[in-house]
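Student: I would like to go through the strands and helices here and ask what each label rests on.
Tutor: Then let us look at the entry together.

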Amino acid sequence: MSDTNFTAVPLQSLHSELSERSPLPNLREKILAIRNGLRPGQQQMADWQSGPLAISAVPGAGKSTGMAAAAAIAIARQYQRSSSRRHLVVVTFTRSAAANIKAKIRKFLRDDLSLPQMGFFVYTLHGLALNIANRHSDLSGLQLENVTLITPTQSHRFIRTAVEQWIANNSGIYLRLLEGHQFDGEETERLRRQSVLRTEVLPELANTVIHEAKSSGISPELLREWSKQTRDEYAILSVAAGLYEQYQNLMRSRDFIDYDDMILAALRVLENDSARRIEQNQVFAVFEDEAQDSSPLQTQLLEILASDGDKGANSSLLTPHSALNLVRVGDPNQAINSTFTPADPIYFRQFCEECDRIERLATMDQAGRSTRIIIEAANFALKWINNQSSAAANNKQQTPVNRQVPFRLQTIRPVEVGDPQTNANPAPVGRGLELYTPRDIHHTVELLSQRVIELFGEDPTKNSAAILVRENRQGRWLAEALTSVCKEHNIILYDVGERDRRSHVPQEILALLQFCDRPHSPDYLKAALEALVQRQLIPTQDLNALASLPEEFLYPGPLAAPQPETVQKAARLCRSLLRARLELPLYQLISFLALTLNYDQAELATADKLAERVNQQIAGNSSMGGMLSALSEIVSSERFEPVETEDSEERYTRRGQLTIITMHKAKGLDWDYVFLPFLHENLIPGRFWVPPQSQFLGDFTLSEVARAQIRAALHGESTIPDVTQAWEQAKHLKISEEYRLLYVAMTRAKRLVWMSAALKAPFTWSKPDNLQEQAPCPVFPALKRQFPECVMNLALMTKQA
């Protein structure tokens, strides 16, 4: 389940404890002391007392610290001005961010204000929704003991079944899709197209539209109405509506819910006047972090909670006299999730514009994270990209209505002298910005390795560094290339993409259970042995030899040759698994296997979560077959979220460690040195391309056209774009987001950002050895022209080496 982290206020104790510990004049002085220790933009947040407020913050501006300080001050002021027992609700995007901001608020209350660590709740958005829905289960329709939460991918059984049911009910439209373009009726081609539609095109369309529409509160019926405004040959939105409807019916019939259902359930509660007043009367304000990543439904939920108790669920907000007590903090320029999730930065941009009109917009533009040359490079990249986008729009005669520039014009400024941040805007290491053009990706690794060794020096524990990659395949390749170098120089290499795949828990449990169910299967025995070797429970050995004759391996007869000790150890462990299968009840098997695999704390918690999910799903039909079926579906078609028991920020940014991490996952983190290799145009900004197997439908993909059409309708555009216009809008959104991702990556660095674009690189990183000439990311040559002193002379470096 989504995290429901919170810190609650006992209804009677808060004000009595405050009155004993904190005389009002003394409290006012302490509030002023916190405020005076903040930067100008943070001070505007701390000065908030009521009404709407938008905070647009640049990278490294300290928005989480500013929000924590503002939250603590708001709690203290609430005590000062009334005996109300309302509390502050703080909402953020991830569980780790919720834990981080909760700790900071508690610290301000305890150390700076001498107040009880009470008066507030910190939630993730889904945690908040679940809390409301659970308190009013009769109104929300969610009976948590009877439902199962899933996070489906496009290969999930429900998505696949929805596709098959839609095809059965809509044979005419399906045949039109099958014909596509240039179909001569040849049987082999018909079968190929049929396979592509059933396994790729329609599941992808269903998955995209379900998330996009559902997270915006759009029903299948409304989507079908919108489809009547379009005239494309495939009736894409109508097809999407049918797939969405089939999916919803399947979910209801099986008592399954997804994360969007949590938000919808909470909103059903708040449609009830009495329940809405109960919830609103417990809250004096809502503070939202990472507001650029909110979806329409999430925004609606927070606005209702933050409204005056007398306002209805659909009240118009943001008038000059609005009673909306909502502070939203975010950075539209760090919106990097909108092309693969329903998050849409346009809503936070609109909130900023509306607040600006009533003079309730604050800007946090001073940042102390990075050295000055990195700030200058990031500011230059932002303006250059916007100028290029505007020029392209003018050439195509596009209006701002349907084409926004990628960035909000917001310049990062260094902090002022005397800023409270320790070592703010630190001195650069080397040139602070280093631009390389290696021969190929192997030369890239040589140069990167050489720089890493220089930077970590004799004492690696003093520095932190990260290599930020665009996709995990690049990270895996780099990890293999750098392992020996890091080992030789005592540098810890941490590949986040490899270590964070906690999907290994369901996969390993499934491998052992399949073996327990069919121990005489060579394939299942080998898979179980591989899991045991991976966990270092048995020595590495020739597993094919062991698995080829399962009976002789597990139960050698008296005439069999003596087994080596390594084989005996493996056989004993396998026999113990089979004995557990016979002696333990089914519901205890997963927990037993987790202990057998010697899982750490986080893995054990993840296994317990998995066991609870599987046992709930097979209740009433408890059998090994049912358990294996449920596990197989989770492994193959869901994003099973692990339980995190360690602070991920600390894990990724340890000193003495070189972290390999994707640009997306690096958001919110920083390191002394950041390496950005492989900056090529085919990845950043990339290009929309239609897979060859589905080009029979046209030079577009159904899923991206549908997403663009849905967003156009949500944004209130006068007409829904046709296929060509929607495809162009989707391409523009993708390009804009990729550039924002590069901006986020550059601004993770404190003292040095190392950037490279090799002359030769793979076209696809699934085949890293297939090198060909690749054009650099367009902003890379622009940076080289703007900062010629930062362009590294590779010929000179080679001579010196």
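Student: What makes β1 and β8 a pair, and in which sense do they run?
Tutor: This is a predicted model, in which local features need pLDDT of at least 70, side-chain atom pairs count only at pLDDT 80 or more, and totals for chains, interfaces and linings use all residues. Residues are numbered from 1 along each chain as its sequence is written, and side-chain values use heavy atoms, with hydrogens and water left out. Two strands pair if DSSP finds at least two bridges between them, where strands (E, at least two residues) and helices (H or I, at least four) are DSSP runs numbered from the N terminus. Strand β1 (residues 53-57) and β8 have four bridges in the parallel sense, so they count as paired. In β8, L361 is the bridge partner of A54.

Student: Why are β3 and β8 called edge strands?
Tutor: In the open six-stranded sheet ordered β3-β2-β6-β7-β1-β8, with parallel pairing, β3 (120-124) and β8 (361-364) each have a single partner strand, so one side of each is left without a neighbour in the sheet.

Student: How do you know the direction of helix α16 relative to β1?
Tutor: Axes are lines fitted to C-alpha atoms, for helices over the stretch in contact (heavy atoms within 4.5 Å), and angles run from 0 to 180 degrees between N-to-C directions. Helix α16 (residues 346-357) lies across β1, β7 (326-330) and β8, and runs at about 120° to β1.

Student: What makes β13 and β14 a pair?
Tutor: Strand β13 (residues 671-676) and strand β14 (residues 749-756) share five bridges in the parallel sense, and L676 has M755 as its bridge partner in β14.
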